[in-house]
Amino acid sequence: MALLEVRNLYSGYGKLQVLFNVSLKAEEKRITVVVGPNGAGKTTLLNSITGIATIYSGEVVFDGRPITKLPRHSIARQGVACVPQMGNIFANLTVEENLRIAGYLLPENEVRERFSEIYDMFPVLNDFRHRKAGTLSGGERRMLAIGMALARKPKILLLDEITTDLAPIYVKKVLDRIVELRDNLGLPIVLVEQHAVRALQIADKAYLLVSGNVRYEGDPQELLEHPEFSKLYLGVS
Amino acid sequence: MSLVYITTRTYNFVLASMLAWGFYIVFTLTHLYGGTPYYYVPVAALFSGLLGLITYFGVNRRLLKTKANETTLMMSTLGFDLILYGFLNVFSDYLVNVHKIPAKFFVLETKDITIDLGGLQVRAIGLVALITLVIAVMTLNTFLTKTRLGIAMRAAIENPELAGALGINPEVVYVLAWFVGGLLAGLSGGLLSLLTVGYTAVGMTIMVIFFAGALVGGIYSIFGSLLGGLLVGLGEYVGVYLMSTYIGGWISAYRPVFPLIIMAIALLTLPEGLISLPWGKLLKVWKIGGVKK
Ligand SMILES: Nc1ncnc2c1ncn2[C@@H]1O[C@H](COP(=O)(O)OP(=O)(O)O)[C@@H](O)[C@H]1O
Ligand SMILES: [Mg+2]
């Protein structure tokens, strides 16, 4: 059974409907990748899971329980961790305070144990430990946001365009780490990407989202050769 | 003041009543049970903290839920303040009529302890107020930067949505802010009762200084508003003193206007508040200057 399941979801923001009858399954030990052009509704899909968007009908089930109507912080407490595309760090807190607060739901010492692991992955964060996160560059902020997700020991990880702004060496590092998380911890990961090819290479399952509709669901390799995918992405990237 | 504003977007007029209640609690308890007024300052602080909670749960929370705008929130605290003010008047009437305590105007100065500083007789309140202020600021600062709950509070202030996504319940933060805000107001009221005359509307008068202080210092910053409060308070004394020596004693009747003048000047020159000054640079210049000497 899938750990996270979205069933026939219609959602949006207030009167603006964005998603139409979207269904998605994220299974344990699997990397699920959602690709699609800008404005397709990828972020809205994650926002519907984490309790930010308005859900008109349909259901989100996590770990066998419906979480459709729960407030945001309760959904987080169930173990759903999301690195949003925007606004994913606290600019007025220092780097270390950001990491500390990311592990708000865990015992303090357990969070601190994770710091070294995170600093190993992104040494820059260690150097800037006591700097306000607002002074970091775009790439460094993205690293901090990923670090914050790792500090949380979630049951599922939702990542929205995390490779944007990252230098190529870090893109590889981050994607390698995601594969590691799946293999070592069995963590299910939902990866949303506009620049799709690299993400699809590490994916176990793929979805193509266009104008709020699921156009493809299945094997990521096949999606790379799918006519609609080439139509959308050839010439784009 | 700033604490409540930045967390719940609410200019908090209730602080006026909290201050005044602080005055009255210290006064009444001193009268009824004797001893020095200092014993009762913590009671006043706790009582006002409780008032903060009542305000939050009774008024502010519901309005925040309906996404009321800032003006509505501000007016609601003004309204609630008037209610509390009414109760305070009732309470003082009760003291006068039932307990025969002169509670319309009172002075607690005489109950202050004098301490001997090498032959110099000083009233304790100045020292106590200073120490309390330093301790309060240090405690607040440690709380906000060192404890996880404090950091969570700052996080929820900056970005409630992200804080929620991390599992922080914003409600906890609001409740805490109102309680601590009330606590500090009661504490100030309790201590101030040893410094100035107490009457039921005393809160409003002092609020003007606080409010001006917060605006001068920068309403978004706790340190800024403390600095601003200090500046406005000092400015008022010094200003009135200078004016009355050079212009004449009559000017001191206009004393409550001074904070407003300072506020106006500050807002015209530094609209973001004192905190917007490049303090880091100023400190550096200062240090370098010190070394050169
Ligand atoms: N917070 C929001 N409030 C209102 N509309 C939004 C919000 N976020 C996105 N939208 C709208 O929803 C649509 C889908 O956007 P989004 O889900 O961000 O797409 P994607 O992430 O695939 O680029 C767009 O038309 C966008 O303008
Ligand atoms: Mg997006």
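Start by selecting B:Arg154 and A:Glu97, whose side chains meet in a salt bridge at 3.0 Å, N to O, the term being used for a side-chain nitrogen of Lys or Arg within 4 Å of a carboxyl oxygen of Asp or Glu. What is open in the viewer is a predicted model, in which local features need pLDDT of at least 70 and side-chain atom pairs count only at pLDDT 80 or more, while totals for chains, interfaces and linings use all residues. Residues are numbered from 1 along each chain as its sequence is written, chains are lettered from A and ligands numbered from 1 in the order in which they are written, and side-chain values use heavy atoms, with hydrogens and water left out.

Widen the selection to the interface of chain A and chain B, across which the rule finds two salt bridges. Here 25 residues of chain A are in contact with 21 residues of chain B, contact meaning heavy atoms within 4.5 Å. The area buried between the two chains is about 2,000 Å², of which carbon and sulfur atoms give 58%; buried area is the accessible area (1.4 Å probe) that two parts lose on being put together, summed over both. On the chain A side, select A:His73, A:Phe90 and A:Tyr104, which lose the most area to chain B and together make up 31% of what that side buries.

Next, hide chain B and colour chain A by its domain assignment, automatic or from a database, which gives domain 1 (2-79 + 155-234) and domain 2 (91-153). Taken over C-alpha atoms, the centres of these domains of chain A are separated by 24 Å, and their contact takes 15 residues from domain 1 and 16 residues from domain 2.

Between domain 1 and domain 2 of chain A about 1,200 Å² is buried, with 67% coming from carbon and sulfur atoms. In domain 1 of chain A, the residues to pick are A:Asp165, A:Tyr170 and A:Arg177, which lose the most area to domain 2 and together account for 35% of what that side buries. Keep A:Arg177 selected and add A:Glu117, since their side chains meet in a salt bridge at 2.8 Å, N to O; the count between these two domains of chain A is one salt bridge.

Finally, zoom out to the whole of chain A, whose C-alpha atoms fill a box of roughly 45 × 40 × 35 Å, taken along the principal axes.
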